[in-house]
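Trainee: Please take one position in this model, look closely at its surroundings, and then work outward from there to the rest of the fold. I would like the terms explained with their cut-offs as you go.

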Amino acid sequence: MHDTERITLARLPSGVELETTVHTYGDGDGPTLYVQAAQHGREINGSEVLRRLHGELLAREDDFSGTLIAVPVADPITFDRVSYTAPEALDSVNANMNRCWPGDEDGTLHERMAATLWEYAGDADAIVDLHTGGKEMLSHTVYLKGDAECRALAEAFGHDLLLAEAAGEDADAEWADRNFGGKLRVAATQEGIPTITPELAHNTELVEDAIDAGVAGMLDTLRHLDMLPGEPAPTNATVARNHLGRVKADDSGLFHVDGDVELGDYVEPGDHVGAVHDPTSYEVLQEVTVDREGIVYSLEREATVTAGSTLVGVALPLAE
C-alpha cells in the first residue's frame, strides 16, 4: 500500500546531492494522482496536510484503488530557508521553482529539480499542487479558466472561492510579465493533465483550519477520481476571475488599513480601504480605494509596502 523513495533532485555546487522523499500509495490499478507541497518553502500547511493524509490512507487501505504519488517537500532549498524563492547564488535565472515547469534536466538548478519531479507528475491523470497564501488571504482553489476537467477537480477539492485564471493570449499582461506559463498547474494542464492549485490560508505557521480543509479537500479529490468510495461533499463555491482586481501601491511607504473592508466582503469601486503615507514627512501618498466590484480575497496587513506591491486583491465574480 505504501512505499517511500529518496530521490536526488539536483546537485549543489559543493557536490552535495539535494534530495527529497516521494511517497507512493496503492497498487496501480486505477487512476494516478500526483500531489506535492512546499514548492515555496514558506508554504508549509500543505506538507502537514500530506502527513495527516498519510494516516488517513493507511486507515482506508482496503477501500483505496489507483495510485497516489505524494511529495511533501518539493523544494528543499526554499523549505530550509523558510523562503519563497532560492538564493541568487543557487539559481539566478529561475529563483522561483514555480516558473520553470516542466523543467529541463540540463538547465538551471530549479529547472533540473522540476524535470526530476516531472518524471512522476507527467504521467499522472490529475495533479494537485498544494500552496499557501498569505495570512490575510481567503483560502481558494485556482484552475485554468475554461477547462471543464480542471473546474470539476477544483469543485471536488472544495473551498468557498474558486479562482479561474486565464492563460496565454486570453490573460492580462501580468500573466506574461511574471512568466505564469511556467507554473506546474499551467504546464500540466497544457499537457492534458487536469491540475489545480489550492491556496490554503496562512504561511510560515501551521493553522488547523487550513490543514483540516486541505485534508478534507484531498479526500474529496480522491473520491472524485474514484480512488476512494463515496462522493465529494457538495459545494456552493463562488467562481471568480483571478489576477484582474489587484489594487497596488502607487508609492513606497506605510500602509494603514483604516476602512471597513474585510476579507470576504463584496466591494464596489470607490470603497475606502486605507492610505499609504510617508513615515518621515507624514504626507499621504495614496488614498487606497477599490477599483472594481468583487470579493476581497487578500488584504495586505504588513504595513511597510513598496511601490507596485499588492495592497488588496479583488476577485471578479465569473459565470461559466
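Mentor: Gly 294 is found in strand S15, where strands (E, at least two residues) and helices (H or I, at least four residues) are DSSP runs numbered from the N terminus. This is a predicted model, in which local features need pLDDT of at least 70 and side-chain atom pairs count only at pLDDT 80 or more, whereas totals for chains, interfaces and linings use all residues. Residues are numbered from 1 along each chain as its sequence is written, and side-chain values use heavy atoms, with hydrogens and water left out.

With a relative accessible area of 0%, Gly 294 is buried; the term means under 20% relative accessible area, with exposed meaning over 50% and partly exposed in between, for a 1.4 Å probe and protein chains only. Setting aside residues up to four places away in sequence, Gly 294 touches Asp 265, Tyr 266, Val 267, Val 314, Ala 315 and Pro 317, a contact being heavy atoms within 4.5 Å. Leu 316 is 22 residues from Gly 294 in sequence, yet their C-alpha atoms are 4.6 Å apart in space.

The loop between S15 and S16 holds Glu 300, which counts as partly exposed because its relative accessibility is 26%. Not counting residues up to four places away, its contacts are Phe 255, Val 257, Val 305, Thr 310 and Leu 311, and from C-alpha to C-alpha Glu 300 lies 8.8 Å from Gly 313, 13 residues apart in sequence. Strand S16 (304-305), on the other side of that loop, is an edge of an open sheet of 4 strands, whose order is S14-S13-S11-S16 with antiparallel pairing; the other edge is strand S14 (284-289), and each edge strand pairs on one side only. Pairing here requires that DSSP finds at least two bridges between two strands, and 5 bridges join strand S13 (272-277) to S14, with Val 276 standing opposite Gln 286 in S14.

S15 (294-299) also helps to line the largest pocket: together with S6 (131-132), S7 (140-144), S9, S10 (238-248) and S17 (310-317), each supplies at least two residues of the lining. That pocket has a volume of about 1200 Å³, and among its 41 lining residues Tyr 84, Gly 133, Gly 134, Met 137 and Arg 178 lie nearest the centre. A pocket, sought on a 1 Å grid over the protein atoms alone, is an open set of points where a 1.4 Å probe fits, with protein on both sides within 12 Å along at least five of seven lines, and lining residues have an atom within 4 Å of a point. Grid points are joined across faces, edges and corners, and the volume is the space filled by probe spheres set on the points.

S9 (195-200) leads on to the interior. The largest nonpolar core (buried Ala, Val, Leu, Ile, Met, Phe, Trp, Tyr and Cys residues joined through side-chain atoms within 4.5 Å) has 34 residues, and those with the most contacts inside it are Leu 33 and Leu 68. The elements that give two or more residues to this core include S9, S3 (32-36), H1 (45-59), S4 (67-71) and H7 (208-224), and H7 gives the most, with 6 residues.

In S4, the bridge partner of Leu 33 is Leu 68, within the 5 parallel bridges that pair S3 with S4. S2 (17-26) is joined to S4 by 4 antiparallel bridges, and His 23 stands opposite Ala 70. Because 5 of the 5 residues of S4 are buried, this strand is largely enclosed by the rest of the structure; Thr 67, Ile 69 and Val 71 are on one face, and Leu 68 and Ala 70 on the other.

The buried residues of H7 include Ile 211, Val 215, Met 218 and Leu 222, and what covers the buried residues of this helix includes S3, H1, S5, H4 and S9. The 17 residues of H7 should span 24 Å at 1.5 Å a residue, which agrees with the 24 Å between its end C-alpha atoms; the expected span is 1.5 Å times one less than the number of residues. Just after H7, Asp 226 takes a positive phi of about 60°.
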